[in-house]
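Q: Please take a close look at the aromatic rings here, and then at a few places where the backbone stands out. I am new to this structure.

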Amino acid sequence: MSGSNGDGVAAVRVRIVGASPGVSLTAADGSFTISCAAGDTLIFSHISYQLLKLPASLSMQVRLVPLEQQLDEVTVSTGYQRLTRERATGSFTLIAEKQLNTQVSTSVLSRLEAVTSGLVIDRTTNSQGNFTIRGLSSISGPRSPLIVLDNFPYEGDLNNTSPNDVESITMLKDAAAASIWGTRAGNGVIVITTKKGKMNSPLSINLSAAATLVKQPDLYQLKVISTPDYINQEILQYSRGAYASDLSSPEHPALSPVVEILTSNLSETEKNAQINALKGIDVRDEFERYLYRRGINQQYNLSLDGGSSKFSWRSSVSFDESTGVLSEKFRRTALGFSARAILTKGVELSFGLRYTQSSTGSGAPGYGDILFRGNVLYPYARFRDDSGNDLPIIRDISSSYLSQLGGGRLLDWKYYPLQDYLQDTSTGLLQDILPNASLKVNLFKGLSAELRYQYERQSQATNHLSTVESYAARSLINSFTQLPSSGPPVLKVPIGGILSRSGSELESTAARGQLDYQNSFGQFSLSAIAGTEIRTLRSSALGSRVYGYDPSNLSSVAVDYTTFFPDLVTGFETRIPQGVSASEKINRYISGFTSAALTFKSRYTLSLSSRADGSNLFGAAVKDKWKPLASAGLAWTISSEPFYKGNLPGYLKVRVTYGKSGNADPSQTAVTTIRYGSVSPYIGSAYAQPDRYYNPGLKWEKVSVLNIGLDFSALSSRLSGSIEYYRKDASDLFVPYPIDYTTGVSTTVVRNAGRMRGNGVDLVLHSANIKGTFNWESDLNLSYYSDRLKAYFLSPALIDISSARVSGVVGKPLYGIYGYSWAGLDPVNGDPLGILKGVPSKDYTALTQAVGDDGPKYFGSATPVFFGSLGNTFSYGNFALSVQLTFKLGYYYRSPSISYSSLNGYSPGHSDFALRWQKPGDELYTHVPSEIYPSNTARDAFYLGSEVLIKRGDHIRLNFINLDYSLPLRLAKKAGLARASLFANVSNLGLIWKAGDEDPEYLGNSLLSYNRNFSIGFRAGF
């Protein structure tokens, strides 16, 4: 018994027409036996396939035809077994290849946000984007979901996997679905299944290619202070004497060009002329003109597959190459091969091998990467003059001081932005090999045994070369140079390049033994698995550095790492950086698991699962090294009941599950560990220091989940979907716990003392709005999630002006937005006013330290409470147009603004500077305080943390538009193709609605990573 892909179909009911009971149920491999007489007719029925009637024969090969537009045609993978909706009680979401192919990115995970429910990429608490499934399950432990690739956890970089090789992705969202993965399933599980060959299939060749053009960012979207305002502020600060300490400092710190002009011997007319010329420069023009470019990405994929009655195979090769908007390079080549063979009746061998090699190369510095005194570059820098000559910029040391230093005996100490990145480069090489094998034996009817093994080795090497022409090498050589009163300089760092190398290796082995039982007993059918697995994960890293490096002959020069040498400029003594490091970690896991589902009359299902995990991570006692977890679920297919008739929905199923999963943090341990350092110059041997302290009570984090779901379809399956409510109780969470400071260890230690609760709803709807020559289908994913902290033991840290952080307020969300009460601006001088003890106040220290009623007010969650996506697909003839929106609602964010303390300390300034209070009456039109001298950090902290800057983050984003054209079969055949299609795609189209006045997910420089992409490509099959 097989489906459309040639694989065996389990749980197909086979019965004899007119006989009772005369019923059999197919096993996991699709095989079945039934006693019947010659001339009997057999009926084959399955909820995901069309009913089929065939005359009985001694040996039969039956190919079932899938139902179209059926909610239950989905078969999901847990990584241990494949389940049909008919016997699934847990919460699953399946993303098929067709959905994945509506996007063109080279990353698998980046294609999920816009097309699935319950998953959100959190860019509020993590600017890089943190994937979460149904909210958070940990406070300080790992938060990312477990990634399973072809039945085993994948420990490497998922960017090694090409999206073109992915057949489907299953998200396991509740405890019944994910608890089979035990202590690693607390944050949800993403199961990725790659494409395999199919039995009884002719040779098939598939080719695809795509090219993507990436628009360079518009730097003028950044809210930064204008050049005239910045220069005028520098002039004002100079008149106040703000730079006096820099001018007299023995460290001779860098001064901006305007300050250098102001301190020069030029006449006032000459000074004004030069400064006015600088006011017409905007460094964003320089970046856009000389450093940013349009990026381009190319993807190519070729696969071949086929199969006979006893053997199937698939091989693939994919190649990706991209040049980013800063000319950074990425190249990935992935090779894959998989095969499945039926060695003899009931014995099946599978084998797979994946190899990936990717390389990276650094590019030009972007906006914010070129620094002045450790901060963002002043806004009037120029990189090239009108004659085309590259210009240096001031970076670390005063240019007037450098012009007098060394008498020509030093290397050039200037920094040239347009030259330096070509001399200071980083390259990376990553290799990943992933072989796996499985042997499956059918022991007797319904029972099979399977052994699986997987090995993974990922090695990564990075070379950072600062040639002798680079600023980094020249600056370090100069800093350690000693200048005698006469004669040549004494070089402690030799002239030449500096080569820093780092390498890491990840090695994982996993083995699993599993029994699988599927059978029917009258009106009952039972599906069960039981097994054990062991896994070892070893990670190591090495770092080294050489000086005086010559890439032409690979030579280097030894240096003295133990002696302290005076810095040429400051005189402070320090050692030459050694750049040597080494680390290694080994984690071992052992697990036992079992799962079973009993179905009665194909409409009542009871599921049970349990798992026990053991690890070398936790617990001084053996009992704390193990964590038993379990789940249970019930499902009732109401629409299969005899009483279910009339105008009711065509399909209706209710599910209830409850279970426990966990969370493991590999960085924690219950015993004392020691970290060794390099050789100490004081004692001549290696030194050691405690890394982790004795913590015998440490154990696994635990997550309990209740899930209630309803699956439905109606109107001849033109409307289908599901709605689910879930409640998550996370306990034994890792949190800092206060201890007696006289222990000499610390004031806190990590304990399993935190608790939190989350509640949520997931709604999934699919509708076929119009069917015919013109078709219109819609998909809505709507999720609600809200959490509350139940136990936390440190004082709340409510205000962080840079990003959202764990608030630590019991009874409130883990991440909340709080703000100081705002009473406007003082009409006399523009000072910000807060409220203390019910009256306006300018005691900023008291305002920022107040608690209780005078403390910060809670506004709402810092992460979206409602989120999801809406997709519409319109098709006419051979054309299909898909439009995908995402939305995030019900949350708040803190808008950036001006900090005068930072501005006057050479940090970047915000464009709100132009809106500042300057005269009485301005308080009626602006909330930006006046500028004062000297700056008051408490005043700035109050304003930046006040409620006036808190805004709603609600928004709707147009993620992508995809147009697909399928070549008519007659034309494809004339071209020698079995099928062919062309597509065009545009993504990252921006916001179409927002509650605030900026993009809450891309504030500040993170906006530069959100670039519009234009793609074209084709797919063809032979």
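A: The rings come first, and the backbone follows.

This is a predicted model, in which local features need pLDDT of at least 70, side-chain atom pairs count only at pLDDT 80 or more, and totals for chains, interfaces and linings use all residues. Residues are numbered from 1 along each chain as its sequence is written, and side-chain values use heavy atoms, with hydrogens and water left out.

A pair of aromatic rings is described by the distance of the centres and the angle of the planes. Rings of Phe, Tyr and Trp (its six-membered ring) pair if their centres lie within 6.5 Å; planes under 30 degrees apart count as stacked, over 60 as edge-to-face and the rest as tilted. Searching the whole structure gives 27 aromatic pairs. One of them joins Tyr818 and Tyr858, a tilted pair with 5.3 Å centre to centre and 55° between the planes. Tyr818 belongs to strand E38 (residues 816–819) and Tyr858 to strand E42 (residues 857–861), so the pair ties together parts that are 40 residues apart in sequence. Strands (E, at least two residues) and helices (H or I, at least four) are DSSP runs, numbered from the N terminus.

Accessibility is given in three classes: buried is under 20% relative accessible area, exposed is over 50%, and partly exposed is in between (1.4 Å probe, protein chains only). Tyr818 is buried, at 3% relative accessibility, whereas Tyr858 is partly exposed, with a relative accessible area of 28%.

Elsewhere, ring pairs link Tyr230, Tyr243, Phe372, Tyr378, Tyr380 and Tyr906 into a cluster.

Rings also have charges over them. A charge sits over a ring if NZ of Lys or CZ of Arg is within 6 Å of the ring centre and within 35 degrees of the ring normal. Arg916 lies over the face of Phe913, 3.8 Å from the ring centre, and Arg957 over the face of Tyr1010, 4.9 Å from the ring centre.

Now the backbone. Tyr933 and Pro934 are joined by a cis peptide bond, with omega about -5°. Pro934 is found in the loop between helix H13 (900–903) and helix H14 (937–944).

Asn200, a residue other than glycine, has a positive phi near 55°. The loop that holds Asn200 runs between strand E13 (189–194) and strand E14 (201–214), and Asn200 is partly exposed at 42% relative accessibility. Lys837, also not a glycine, has a positive phi near 55°. Lys837 sits in the loop between strand E40 (832–836) and strand E41 (839–841) and is exposed, at 70% relative accessibility.
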